[in-house]
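Visitor: I am new to this structure and should be grateful for a close look at a single part of it. Could you please take me through the aromatic pairs?

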Amino acid sequence: MTATITPPSPPPSTTTTSAGQRLAAAPWPELAAPAALLVLVLVFGALDSTFLTTGNIDAILQASAILVVLAVGQTFVVATAGIDLSVASTMTLGAVVLGQVYSSGAGIFWAILAGVAAATLVGLLNGLIIAKGGITDFIVTLGTLSAASGLALIISDGKPQPVLSGFMLRLSADGIGILTWSVLVAIVVAVIAHVVLFHSRLGVHVLAVGGSTEAARATGVKTVRVKMAVYLISGLLAGIAGVLLVARVGAAEPASNTGFLLNSVAAVVLGGVSLFGGRATIIGPVVGALLLASLVNGLTLLGVSQFYQPLAVGVVVVLAAFLTRFQK
C-alpha cells in the first residue's frame, strides 16, 4: 500500500500520451523490489541448495531486521523530501551509550533506555536545526554524521564494549519458530509505522509536507513540527536498531558502519518511496531491506569476494535511483 500526495491533475488534453507519461503512471516502480526479490530467491535457490534452508532464511531475516528498522525511520524523512545521512552514526552512538551504561553496572534495561534516548536526542537535534534553523537537511545530517561518530569514539575510547547479557542473547537467539525476537521487533516497528503513516493525522501531514511544503502550510499544517517529528522518529528508530545490533554482535562497536546508511536509502528507494517527497509506503522499504540482505547472503554463499558485494549493492542503488525519475 502506497500513499501519495500529488497536486491537482491538469485539464484533459487531446494530445497523445507520451511514453514518459505512460511510464510515470505505471505501477512497476513500486513492484521492482518484490519482483527483484523473487528473482533473487529463484536464482540463488537454484545455484545453491542451502539458500532456501531454514537456517539460512533465519540468517537473512536477522540480517535484515536492523536494516528494516533503519529504513522505516528513513522513510518518514524521505517522505518529506528530506534525507537523514546520520542514521548509521546515530545507531552507533546509541549502541556505544548502551554498552558504556551497561559496563558501569547499570541493568540492561536502563542501558537500553539510555542508548535509545541518546539516539533520539540526535534525531531531535537534527529536526530542530533543519526545521527551525532553516538549514539544508543534507548539510545538517552530514554534520551530525561526523559528530555522532566522533562522540561514539570519544565515549568508548575507540574500544568495543562487550555486552554479556542474557536478555540480549535471547533477543537475538530466541523467538517464535524461525522468527527471532529481533525480527519480531522489526515487524512490530513496521506495523506501527504503517498505522502512523496511513491512519493518523501525522501521516497525512508528513505526505502533505513532502508533496508541497508551501501548500501544506497554507492549509494549516504545522510544517516545522512535522519536520521535527520525522527526524525524531528517525533518531528513535536508529536507537532501536542500535539495540538490535548490540544483541546480534554481543558488543557495542564504536566504528560506524556507513554501509547501513547506503542500504537504508537503497531500501527506501527500492520500496517505491519517492526521493522527491509526498509518496511513501512502509511495506516497500521492508521488502527492499529483505532484497539487499538476500543479495549479500546469496553472494556470500556462492563464494563471491566481499570486495564485490559493495559493488553489487551500489549497482542496485543506482538502478533504484533511476526508478525514481518516473515518480517525480
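Guide: Phenylalanine 44 and phenylalanine 51 are both buried in this predicted model. Together they form an aromatic pair, with 5.5 Å from centre to centre and an angle of 50 degrees between the planes, and the pair is classed as tilted. A search of the whole structure finds two such aromatic pairs.

The other pair is made by phenylalanine 109 and phenylalanine 167, whose ring centres are 5.0 Å apart. Their planes stand at 55 degrees, so this pair, too, is tilted; a pair counts as edge-to-face when the planes are over 60 degrees apart, and as stacked when they are under 30. The contact links distant parts of the chain, for 58 residues separate the two partners. Phenylalanine 109 belongs to helix α5, which covers residues 108-133, while phenylalanine 167 belongs to helix α7, which covers residues 166-173.

The surroundings of these two rings can also be described by accessibility. Phenylalanine 109 has a relative accessible area of 59% and is therefore exposed, as the cut-off for that class is over 50%. Phenylalanine 167 has a relative accessible area of 28%, so this residue is partly exposed. For phenylalanine 44 and phenylalanine 51, by contrast, the class is buried, which means a relative accessible area under 20%.

Methods
Residues numbered from 1 in each chain as written. Predicted model: local features only at pLDDT ≥ 70, side-chain atom pairs only at ≥ 80, totals over all residues. Heavy atoms only, no water. Phe/Tyr/Trp six-rings, centres within 6.5 Å; stacked < 30°, edge-to-face > 60°. Buried < 20%, exposed > 50% of the residue type's maximum accessible area, 1.4 Å probe, protein only. Helix = DSSP H or I, 4+ residues; strand = E, 2+ residues; numbered from the N terminus.
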